[in-house]
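This report considers the backbone and one helix of a protein chain. Please examine the sequence and the model before reading on.

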Amino acid sequence: MTTNRTPVLVLVLLASLALAGCDNEEARFPNRDNFTATTNDYLAQRGHVCLAKYEWPITVVVGSHEADAQQMPVLEKLGLVSGKDVVVAANNAAVTVPAREYALTDAGRKYYLQVPVVMRTTTQTVTHPADFCAATLSLDHLIGWDPPQTRDGRTATSLLFTYRIAPESWAGTPEVLHAFPLLARAIQREGTMQVRLGVHLTRHGWVADELDAH
């Protein structure tokens, strides 16, 4: 004699789905626990302090006053990049000028992270696929958030938080901090600088805008 177990299996499945639905509903509430989890998730994926060195090798013309002219020798001294003398075309392609070309060493490649870096201005958004990074951020304190607003079917808000920073062992040296003032500022303002993070609501809870472009 056989027994039809289909109704039992259906009930178990429905019960599981109901529990999953309850979990998702909890995650959708605009409260401190959920926004703390959202911020931690964002920082775990994108919480890197990078140096805006998106593409390598980097070539510096002799006598240049650009930031790379001061920064690359510091990284070379630390063994993170290696330099070689080259010649490059000047503005007039018929003329060449001496320069130094810097490439990442094996030690430096450890800090060249293949993590998208989103740069926003008032007119455009540019995403770089990788960057050379010097420190990692974690959540210090979630200060608060704006009241969520729904527009065109999308519910969004922005969070405000302070951070803790963990520089790489080489990144806290006086030479590096002098050459990279934005890094120095980020370290100095640990626990006090307020960072704003845009987030929006999904079926599974709140997600940082940068992690979900849809």
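Which residues are exposed on the other side of α6? The model is predicted, and in it Pro181, Leu182 and Gln188 are the exposed residues there. Helix α6 itself spans residues 181-188, and its buried residues include Leu183, Ala184 and Ala186. Because these buried residues cover an arc of only 160° around the axis, they lie on the same side of α6. Among the elements that cover the buried residues of α6 are the strands β1, β8 (131-145) and β10, together with the helix α5 (174-179).

The backbone also deserves attention. Most residues other than glycine have a negative phi, and most peptide bonds are trans. Two residues with a positive phi are set out below.

| Residue | Phi | Location | Relative accessibility |
|---|---|---|---|
| Ala52 | about 60° | loop between β1 and β2 | 43% |
| Asp152 | near 55° | loop between β9 and β10 | 80% |

Neither Ala52 nor Asp152 is a glycine. Are these residues exposed or partly exposed? Ala52 counts as partly exposed because its relative accessibility is 43%, and the cut-off for exposed is over 50%. Asp152, at 80%, therefore counts as exposed.

The loop that holds Ala52 also contains Pro57, between β1 (48-50) and β2 (58-61). What kind of peptide bond joins Trp56 and Pro57? The bond is cis, with omega about 0°.

Key:
Residues numbered from 1 in each chain as written. Predicted model: local features only at pLDDT ≥ 70, side-chain atom pairs only at ≥ 80, totals over all residues. Heavy atoms only, no water. Helix = DSSP H or I, 4+ residues; strand = E, 2+ residues; numbered from the N terminus. Buried < 20%, exposed > 50% of the residue type's maximum accessible area, 1.4 Å probe, protein only. Arc of directions from axis to C-beta. Contact = heavy atoms within 4.5 Å.
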